[in-house]
Amino acid sequence: VAEGSSAVDNSMLTGESVPVEVGPDDLVVGATVNVGGRIVVRATRIGSDTQLAQMAKLVEDAQTGKAQAQRLADKISGIFVPIVIALAVATLGFWIGTGGGIAAAFTAAVAVLIIACPCALGLATPTALMVGTGRGAQLGILIKGPEVLESTRRVDTVILDKTGTVTTGKMTLLDVITADGEDTAQVLRLAGALEDSSEHPIAQAIAKGAREKVGALPPVEQFTNIEGLGVQGIIDDHAVIVGRVRLLADRAQHLPNDLDSAMRAAESEGKTAVAVGWDGQARGVLVVADAVKATSAEAIEQLRGLGLTPIMLTGDNAAAARAIADQVGIDEVIAEVLPADKVDVVKRLQAQGKVVAMVGDGVNDAAALAQADLGLAMGTGTDVAIEASDLTLVRGDLRAAADAIRLSRRTLGTIKGNLFWAFAYNVAALPLAAAGLLNPMLAGAAMAFSSVFVVSNSLRLRRFKSLTG
């Protein structure tokens, strides 16, 4: 920053939900958002040297390094088909060699080929995948390919981004603490009216919360924005100030002990607290934070039920991350990490033998999503995150992540069930065909039945129920 001061939204880079105050000589990153005042910046890195370009390279490296699993049906067919052809030739040779006659020999050999025709094997994967992905689309879960399903079976650890995934990603007014004798509605009404004139995200959160709780807000006169400290103005003949404690202290408005304790408690949990005062006296404290989604705690419980260990990974500060984790039931928290560090965390867990799923929504999550064994992107997030993921959750509901893993596992189970029955059916019928006990016409009918069985078994996936209600 060459001149000026402002608040910059760094959530793209760090995941922090609160804008960072910057001034002369502070570093800012290209593609982050200026949400406050006017600043003049000087570019110190351009092109491939920028943070955004380096993040894009991390995504590319992670995607190219991920091995593509082969489909199970291809592996089985590659072994099974040559064996069947060899068996048919052997059957033909055996019957001719034992004097059974050319007609009987060819009948037995053809029966072997027909009963072992791998139609059911070939249908096992695509039919289940088609029905499973179709049902997923109805539930707002987009599965990108068959290799994704194999990952869901082995996943034992799920990493969750905080901002926008576990939380709403938007600043919300959570609490209003008033001094003794003060009316909560009046504190909220005057503070909301004053903050409504500011463009700062925290101010807008307060204004929105005030409007929801007390209705229409009064007009403001002589509004002044005091850079980095707060705002002041005249409302209903009251000289109102909202902002940092220092701003009120400069005007001899000192917080009483109860308000000071409330502010310290909120800040210790990583929340943002601003003081409110008017007519020479501090009147209250407003607590603002990135609110937890209503369904996140239930989603964590469902993920645990699937045998997964949840870990919160965020660029936000440790206090805020720990407070959110405690609310939703996550024990392990890794905070204050940059995008490259997120990739390193995933790699470290993989090196420990963990099979890792990553759930995120931002540009700063994209590389980790690509590196993870299974990447799940919130559809409410950025295009980069969605592109880097294996599964996309169209809704912003974290419970959809549990549904996605359940559906993927059910689909994989159906594929394996199809392959088992198709293969077992062929193995059981081959000796009958080789022994000349199976007419080719009956063999054809039986082979067709195996295909019908596989398709019918796959269609059962249409009855898959979501736990999100």
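## Aromatic cluster, helices and selected loop residues

F420, W421 and F453 form one aromatic cluster. The model described here is predicted, and every value in this report is computed from it. The report begins with the cluster, continues with the helices and a surface patch, and ends with individual residues.

### Aromatic pairs

The structure holds 3 aromatic pairs. In one of them, the ring centres of F420 and W421 are 5.2 Å apart and the planes stand at 75°, so the pair is edge-to-face, the class for planes over 60 degrees apart. Another pair joins W421 and F453; the centres are 6.4 Å apart and the planes again stand at 75°, so this pair is also edge-to-face. The pair of W421 and F453 links distant parts of the chain, with the two positions 32 residues apart in numbering: W421 belongs to helix α17 (residues 399-434) and F453 to helix α18 (residues 440-459). F453 has a relative accessibility of 33% and therefore counts as partly exposed.

### Helices α18 and α5

Helix α18, which carries F453, has 20 residues and spans 29 Å from its first C-alpha to its last, close to the 28 Å expected at 1.5 Å a residue. Its buried residues are P440, A443, M447, S450, S451, V454, N457 and S458. Viewed down the helix axis, these buried residues of α18 fall within an arc of 130°, so they line one face of the helix. In general, an α-helix has 3.6 residues a turn, so residues three or four places apart point the same way. On the face of α18 turned away from the buried side are the exposed residues M441, L442 and F449.

Helix α5 (residues 119-138) also has 20 residues; the distance from its first C-alpha to its last is 28 Å, close to the 28 Å expected at 1.5 Å a residue. The buried residues in α5 are A120, L121, A124, T125, T127, A128, L129, V131, G132, R135 and G136. After α5 comes G140, which has a positive phi near 80°.

### Nonpolar surface patch

V81, I85, V89 and L113 make a nonpolar surface patch of about 320 Å². Helix α3 (residues 72-97) gives the most to this patch, contributing 3 residues. V81 is found in helix α3. With a relative accessible area of 31%, V81 is partly exposed, because the value lies between the limits of 20% and 50%.

### Loop residues with positive phi

Two residues other than glycine with a positive phi are set out below.

| Residue | Phi | Location | Relative accessibility |
|---|---|---|---|
| D25 | near 80° | loop between β3 (20-22) and β4 (33-34) | 73%, exposed |
| E336 | near 55° | loop between β15 (332-334) and α14 (339-351) | 54%, exposed |

D25 is exposed because its relative accessibility of 73% is over 50%. E336, at 54%, is exposed by the same cut-off.

### A contact across the sequence

T157 is found in strand β7 (residues 157-161). At 3% relative accessibility, T157 counts as buried, since the value is under 20%. T157 and L349 are 192 residues apart in sequence, yet the distance between their C-alpha atoms is 8.6 Å.

Note on methods: Residues are numbered from 1 along each chain as its sequence is written. This is a predicted model: local features need pLDDT of at least 70, side-chain atom pairs count only at pLDDT 80 or more; totals for chains, interfaces and linings use all residues. Side-chain values use heavy atoms; hydrogens and water are left out. Helices (H or I, at least four residues) and strands (E, at least two) are DSSP runs, numbered from the N terminus. The expected span of a helix is 1.5 Å times one less than its number of residues. Buried means under 20% relative accessible area, exposed over 50%, partly exposed in between (1.4 Å probe, protein chains only). Rings of Phe, Tyr and Trp (its six-membered ring) pair if their centres lie within 6.5 Å; planes under 30 degrees apart count as stacked, over 60 as edge-to-face and the rest as tilted. Patches are made of residues with over 30% relative accessible area and no salt bridge: like charges are joined within 9 Å, nonpolar side chains (Val, Leu, Ile, Met, Phe, Trp, Tyr) within 5 Å. Accessible areas come from the Shrake-Rupley method with a 1.4 Å probe; for residues, only the protein chains shown count as cover. A salt bridge is a side-chain nitrogen of Lys or Arg within 4 Å of a carboxyl oxygen of Asp or Glu. The arc is that of the directions from the helix axis to the C-beta atoms.
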